[in-house]
Amino acid sequence: MIRVAVAGAAGRMGQTVCQAVEGAEDMELLGRADPLLDTTLEDVLGNVDVVVDFTRPDTALANALACLHAGVHVVIGTTGFDPAPLGEARAEQDPHPPRPQANVLIAPNFAIGAVLMMQFAVDAARHMARAEIIEFHHDGKLDKPSGTAARTAALMREAVGADAAEVPIHSVRLPGLVAHQEVILGDVGQTLTIRHDSVDRESFMPGVLLAVRHVGSLNDSPVVGLEKLLG
Ligand SMILES: NC(=O)c1ccc[n+]([C@@H]2O[C@H](COP(=O)([O-])OP(=O)(O)OC[C@H]3O[C@@H](n4cnc5c(N)ncnc54)[C@H](O)[C@@H]3O)[C@@H](O)[C@H]2O)c1
């Protein structure tokens, strides 16, 4: 059994992750950290193998560093923060610690359809002149542009080459939305639109559970992107 705690357990994503972990036969939910539940991350770190973090851009890094220092693997879904210090923390970890080194997996989007949307957009960017991204999210989302849009744009630019133009991102925040993205590519006399919609937070759960199962056996860390686990 993989022993799991969830940071941000009272949040929109955290509640759904807790249900998914409780429903997984190979996992045990041992902790729910959230200020709204009067439980800190430190309260739940002692006895778990993996922490899943769906908190806020201003807390995710500190949470992940606390996990690494405790030797606990961490799966991060929180977006809108700079993960660079996690690589440095990994390099600084004691090479002969009492527990094996802990790993980090970060995914700006755990929905398989969104991963495919990013891959198709990267492929299309190689063949069409220009592209722009429109991302649509619920009005409670704190970061803008979304982590998915920022990563899609970075991957598309990387695929085309360093001289490629920026891929502009437009952000829409409205009640009624969950998480949606359109990549629109244009060339002479034609456009191509690639669209993904998460209409329910359940869409992220197979990806989150996959990450929990694999984060402990990564050869490298931090790993960014669910596609690294999809073969
Ligand atoms: N990677 C993905 O697939 C994916 C999908 C959806 C949302 N997200 C991201 O997940 C994050 C959470 O989204 P949400 O809609 O659930 O937000 P939310 O505001 O509903 O939930 C965040 C929760 O974190 C708690 N929290 C704040 N500080 C904390 C701390 N130090 N320790 C533990 N808990 C703490 C808050 O009290 C709150 O309950 C956002 O960054 C969002 O962009 C990622």
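Which residues line the second largest pocket nearest its centre? Point 4 has the answer. The notes below concern a predicted model.

1. **Largest pocket.** Start with the volume: the largest pocket comes to about 880 Å³. Its lining holds 38 residues, and those closest to the centre are Met-13, Phe-54, Thr-55, Arg-56 and Thr-78. Two helices, α1 (12-23) and α6 (147-160), each supply at least two lining residues. By class, the lining of the largest pocket divides into 15 nonpolar, 17 polar and six charged residues.

2. **Ligand site.** Where does the ligand sit? The space it takes is the largest pocket. Around the ligand are 24 residues, the closest being Met-13, Asp-34, Thr-79, Phe-110 and Lys-141. Met-13 is thus on two lists: it is among the residues closest to the pocket centre, and among those closest to the ligand. The shell around the ligand has ten nonpolar, nine polar and five charged residues.

3. **Backbone contacts to the ligand.** Three are worth checking on screen. A backbone N or O atom of Ala-107 lies 2.8 Å from a nitrogen atom of the ligand. A polar backbone atom of Phe-110 is 2.8 Å from a ligand oxygen atom. For Gly-11, a polar backbone atom is 3.3 Å from an oxygen atom of the ligand. On burial, the ligand taken alone exposes 880 Å², and the protein buries 83% of that. Do not confuse this area with the pocket volume, which is about 880 Å³.

4. **Second largest pocket.** This pocket contains about 270 Å³ of space. It is lined by 20 residues, and Phe-81, Ile-106, Pro-108, Gly-147 and Arg-151 lie nearest its centre. Helix α6 gives the most to this lining, with six residues. The same helix also supplies at least two residues to the lining of the largest pocket. By class, the second largest pocket is lined by eleven nonpolar, six polar and three charged residues.

5. **Enclosed space.** How many cavities of 30 Å³ or more are there? The count comes to one. The largest cavity has a volume of about 60 Å³. Its lining is made of Asn-109, Met-117, His-137, Thr-148, Ala-179, His-180, Gln-181, His-196 and Ser-198. Strands β8 (179-187) and β9 (190-198) are the elements that give two or more residues to it. The largest share, three residues, comes from β8. The lining of the largest cavity has two nonpolar, seven polar and no charged residues.

6. **Cis peptide bonds.** Most peptide bonds are trans. Two bonds here deserve a look. The bond from Lys-144 to Pro-145 is cis, with omega near 0 degrees. Pro-145 is placed in the loop between β6 (130-137) and α6. The bond from Ser-221 to Pro-222 is also cis, with omega near -5 degrees. Pro-222 is found in the loop between α7 (205-214) and β10 (223-224).

7. **Positive phi.** Most residues other than glycine have a negative phi. Asp-38 is not a glycine, yet has a positive phi of about 55 degrees. Its place is in the loop between β2 (27-33) and α2 (41-45).

Notes
Residues numbered from 1 in each chain as written. Predicted model: local features only at pLDDT ≥ 70, side-chain atom pairs only at ≥ 80, totals over all residues. Heavy atoms only, no water. 1 Å grid on protein atoms, 1.4 Å probe; cavity = no way out; pocket = protein on both sides within 12 Å on 5 of 7 lines; lining within 4 Å. Points joined across faces, edges and corners; volume = space filled by probe spheres on them. Helix = DSSP H or I, 4+ residues; strand = E, 2+ residues; numbered from the N terminus. Nonpolar A, V, L, I, M, F, W, Y, C, P; charged D, E, K, R; others polar. Near = heavy atom within 4 Å. Polar contact = N/O pair within 3.5 Å; in protein donor to acceptor, adjacent residues only side chain to side chain. Areas by Shrake-Rupley, 256 points an atom, 1.4 Å probe, with all protein chains shown as cover. Sits in = over half its atoms within 2 Å of the grid points.
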